[in-house]
Amino acid sequence: MSDRLAVRKTYKLYVNGAFPRSESGRTYEVTDTRGHFLANAARASRKDARDAVVAARAAFPKWSAMTAYNRGQVLYRVAEVMEGRHAQFCEEVAAGEGLSTSKARAAVDAAIDRWVWYAGWTDKLAAVLGGANPVAGPYFDFSMPEPTGVVAVLAPQQSSLLGLVSVLAPVLAGGNTAVVVTSRERPLPAVTLAEVLATSDVPGGTVNLLTGDAEELGTWLAEHADVDAIDLTGAPAGRAMEFEREAAGTVKRVVRPTAAEPDWTADPGLSRMTPFLETKTVWHPIGV
Amino acid sequence: MIGMTHVLDPDALPDDARALMAPLPPYDDVTRSDSAFRAFLHGLPGVDQVGAEARVAMLGTRSIKTTAKAWAIDTAISMVDLTTLEGADTPGKVRSLAAKARRPDPGDPTCPQVAAVCVYGDLAGVAREALGDSGIHVAAVATAFPSGRASRAVKIADVKDAVANGADEIDMVIDRGAFLAGRYLDVYEEIVAVKEACARPGGRAPAHLKVILETGELVTLDNVRRASWIAMLAGGDFIKTSTGKVSPAATLPVSLVMLEAVRDFRAATGRQIGFKPAGGIRTTKDAIKHLVLINETVGPDWLDPDWFRFGASSLLNDLLLQRQKLRTGHYSGPDYVTVD
């Protein structure tokens, strides 16, 4: 045993490209699956969620106006920077989820690959989901997908990195900005992901990561009039219906949770991108 | 004794306005000469800048919640001078601003209307017509706003034009060049002359005069105090921090110094002067900090739209969002207020 004192870390939130403490000053202890102390994480309050939404709204015009190609490059860059932190992610995933080293490595590999996969999709969405429409009139008529706006994401509670990336990357790929509430018990990979995002090319405010309680923050995000869509994947059991009802007050798009957490290693398809895209159709007169 | 050289049109003034021409006792002799005026202004107590900053930082930590917050928001809305001062202002924009002034939150009839609409002088007529009998005042900026770099004749003509167009309140800028060069009496005489130009025909009370000090260009808080005194001695009805075109604008230490000046002035002369911070106040939190500052510095006598105004454009939207949050219990968003 070394005599060196352990550095007990207290992490912060990631809002608007910066790392603030929670406005409430609250933190909570994060432990591994056997109950050993890992670190302290900030416990976000409703006011942190409010600030995060303001940041995400402010970031939306820039992020959504980037060319799809450029957005893809930025997401690919996230994968590159994550690769450099591979060992740290493996350690945190193994400790938080109680996985063996090889399984943790597989999860981290899959998470990095997922960024690459969604990075490739950014400039193909318009071709796959949009197109020219045959109409009976002198119009060139075409449809294209457009981002919805600010998306609140309650990230999965079990899969702390692969699950998180699997819900966050599709939101970004479509050109939305995100406010993410991380897994409550396993927030450390999300904290490291925040450090990755801050040092990659993702503009500040595009992603805001709040460690804390989805049960507490879900209501505020679901009711918030400036949130355009909400992904309830990580909503606590029994609360999802309530959040959905609150979201209906401002006609948000809602992604419902499945009964059990999905198998995140499966091919994600387009199913997590399309809920946050709206189709714009243009009728352009021809022959005039 | 003073004043006789610059009275342009003495017959146009009602008698009560004449009384304001000479400074009120006990200050009726301080403007007898340039050197006397300088001696008076430099004899004002110096401002402890560190102390002022500490004081406002302390007051800024007050937590205003629930019913007090609801009161503060409604009070702040009723004190807003809704402002548009852009080269691109059109009659249409002024009309839509006037509509917003009358009914800031169309979805909620209990929302109070604002105090005034503040525009350039040539659009005062448009604002006047759009506001009708709503009781909302029309404020116009004048005197070669925002720089104030024009001859006195031009400035006076600017003011008269705005008053003729229907302005109830004139926001003038002081001659900062003269002030910084130490020609305090020139600054004073110009304000007196502008005050005279605010006269309105037909026995109506003269237009209210707000004197903009442009504190961002005055460099020190001592200068802010001196300029405040010049404006009050010269008969200004309000003193106002800034044009909104220069940064920094209405910072809290500057507001504190100006509020202390109006407090001291009333204690000495019995005349109450209004205060208007303008520029840089964008959030409800900033507005509430100002209300706290007023209450703690000059007292509740000033917590009234007749004595205190916010010069702002984006502030109103934030106040409305906070108001909606209190009413509905959830956070609102910019989609629920007007774009302006």
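The legends below describe close-up views of a predicted model.

**View 1. Packing of helix α11 against helix α12 in chain B.** Helix α11, which spans residues 252–269 of chain B, packs with helix α12, residues 284–297 of chain B, at an angle of about 30°, and their axes lie 10 Å apart. Because angles under 35 degrees count as roughly parallel, α11(B) and α12(B) are described as roughly parallel to each other. The crossing in which α11(B) passes α12(B) is right-handed.

**View 2. Residues in the contact of α11(B) with α12(B).** From α11(B), the residues B:L252, B:S255, B:L256, B:L259, B:E260 and B:R263 meet B:K289, B:H290, B:L293, B:I294 and B:T297 of α12(B). By character, the residues of this contact divide into five nonpolar, three polar and three charged.

**View 3. The largest nonpolar core and the surroundings of B:V117.** The largest nonpolar core holds 105 residues, among which B:V80, B:V117, B:A127, B:A140 and B:I170 touch the most other members. Helix α11(B) gives the most to this core, contributing nine residues. When residues up to four places away in sequence are not counted, B:V117 touches B:L82, B:L97, B:A98, B:A101, B:A127, B:L131, B:I136, B:V138 and B:A139.

**View 4. A second nonpolar core.** Separate from the largest core, a second core of 86 residues includes A:V15, A:L75, A:A79 and A:L209.

**View 5. The contact between chain A and chain B.** Six residues of chain A are in contact with seven residues of chain B. On the side of chain A that touches chain B, the residues divide into two nonpolar, one polar and three charged.

Conventions:
Residues are numbered from 1 along each chain as its sequence is written. Chains are lettered from A and ligands numbered from 1 in the order in which they are written. This is a predicted model: local features need pLDDT of at least 70, side-chain atom pairs count only at pLDDT 80 or more; totals for chains, interfaces and linings use all residues. Axes are lines fitted to C-alpha atoms, for helices over the stretch in contact, and angles run from 0 to 180 degrees between N-to-C directions. Helices (H or I, at least four residues) and strands (E, at least two) are DSSP runs, numbered from the N terminus. Angles under 35 degrees count as roughly parallel, over 145 as roughly antiparallel, 65 to 115 as roughly perpendicular and the rest as oblique. A crossing is left-handed if the near helix is turned anticlockwise from the far one by less than a right angle, and right-handed if clockwise. Two residues are in contact if their C-beta atoms, placed from the backbone, lie within 7 Å. Ala, Val, Leu, Ile, Met, Phe, Trp, Tyr, Cys and Pro count as nonpolar, Asp, Glu, Lys and Arg as charged, and the others, Gly among them, as polar. A nonpolar core is a set of buried Ala, Val, Leu, Ile, Met, Phe, Trp, Tyr and Cys residues joined through C-beta atoms within 7 Å. A residue is buried if 20 or more other C-beta atoms lie within 10 Å of its own, exposed if 12 or fewer, and partly exposed in between; C-beta atoms are placed from the backbone.
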